[in-house]
Amino acid sequence: MSSVPEIAYTIAVWAIPILLAITLHEAAHGWVAEKLGDPTARNLGRISINPIIHIEPIGTVVVPLFLATVSPFVMGWAKPVPIEPRYFK
């Protein structure tokens, strides 16, 4: 069984940086789409560094937790940022 310091270390070293990276990555998708003329992500509030907005329950929580228990390889995904190609310049 893991001790509290080990769990805190794991969260500090893995969970927080990965959550930050996923959040910034998805916000960047929306920002670039907006710069190319598509306001969809901005209108839906998806250009944000709030991680709650980008969490997709299965891909961000369930799959990574399951894979972490059975494999050294862990993967997941965030909620995709919506785009409307007809707006692109």
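This is a short dialogue on how to read several features of a predicted protein model.

Student: Where should I start, and how confident is the predictor in this chain?

Tutor: Start with pLDDT, the predictor's confidence in each residue. Where pLDDT is low, the predicted coordinates should not be read in detail. Here the model is predicted, and the protein chain averages a pLDDT of 91, with 99% of the residues scoring at least 70.

Student: Which elements have the lowest and the highest mean pLDDT?

Tutor: Helix α1, covering residues 4–35, has the lowest mean, 90. Helix α2, residues 40–43, has the highest, 96.

Student: Now for salt bridges. How many are there?

Tutor: The idea is to look for a side-chain nitrogen of Lys or Arg within 4 Å of a carboxyl oxygen of Asp or Glu. By this rule, there are two salt bridges in the model. One joins the side chains of R42 and E34, with 2.9 Å from N to O. The other joins E84 and R86, at 3.5 Å from N to O.

Student: Are the partners in these salt bridges buried, partly exposed or exposed?

Tutor: For this you read the relative accessible area: under 20% is buried, over 50% is exposed, and partly exposed lies in between. R42 has 43%, so R42 is partly exposed. E34, at 25%, is partly exposed too. In the other pair, E84 is partly exposed at 30%, whereas R86 reaches 65% and therefore counts as exposed.

Student: What about a charged residue that has no salt bridge, such as E26? Which side chain of opposite charge is nearest to E26?

Tutor: E26 sits in helix α1 and is buried. The nearest side chain of opposite charge belongs to R46, 5.2 Å away. A salt bridge needs a distance within 4 Å, so this pair does not count as one.

Student: Which residues does E26 touch, leaving out those up to four places away in sequence?

Tutor: With those set aside, E26 touches H54, A78, K79, P80 and V81.

Student: K79 is on that list. Which other residue can I follow to K79?

Tutor: Try I53, which is found in helix α3, residues 51–54. Not counting residues up to four places away in sequence, I53 touches G45, R46, S48 and K79. I53 and K79 are 26 residues apart in sequence, and their C-alpha atoms are 8.1 Å apart in space. I53 has a relative accessible area of 24%, so I53 is partly exposed.

Student: What separates the C-alpha atoms of A12 and G59?

Tutor: These two are 47 residues apart along the chain, and their C-alpha atoms are separated by 21 Å. A12 lies in helix α1 and is partly exposed, because its relative accessible area is 46%.

Student: Let's turn to pockets. What is the volume of the largest pocket, and how many residues line it?

Tutor: With a pocket, look at its volume and then at its lining. The largest pocket here has a volume of about 630 Å³. Its lining has 19 residues, and A15, I18, P64, L65 and V74 lie nearest the centre. The elements that give two or more residues to the lining are α1 and α4 (57–70). Helix α1 gives the most, with seven residues.

Student: Can we take P64 as an example? Where is P64, and is P64 buried or exposed?

Tutor: P64 is found in helix α4. P64 counts as buried because its relative accessibility is 16%, and the cut-off for buried is under 20%. Not counting residues up to four places away in sequence, P64 touches I58, G59, V74, M75 and G76. The C-alpha atoms of P64 and W77 are separated by 8.9 Å, with their positions 13 residues apart along the chain.

Conventions
Residues numbered from 1 in each chain as written. Predicted model: local features only at pLDDT ≥ 70, side-chain atom pairs only at ≥ 80, totals over all residues. Heavy atoms only, no water. pLDDT = per-residue confidence, 0-100. Helix = DSSP H or I, 4+ residues; strand = E, 2+ residues; numbered from the N terminus. Buried < 20%, exposed > 50% of the residue type's maximum accessible area, 1.4 Å probe, protein only. Lys, Arg positive; Asp, Glu negative; His and termini not counted. Contact = heavy atoms within 4.5 Å. 1 Å grid on protein atoms, 1.4 Å probe; cavity = no way out; pocket = protein on both sides within 12 Å on 5 of 7 lines; lining within 4 Å. Points joined across faces, edges and corners; volume = space filled by probe spheres on them.
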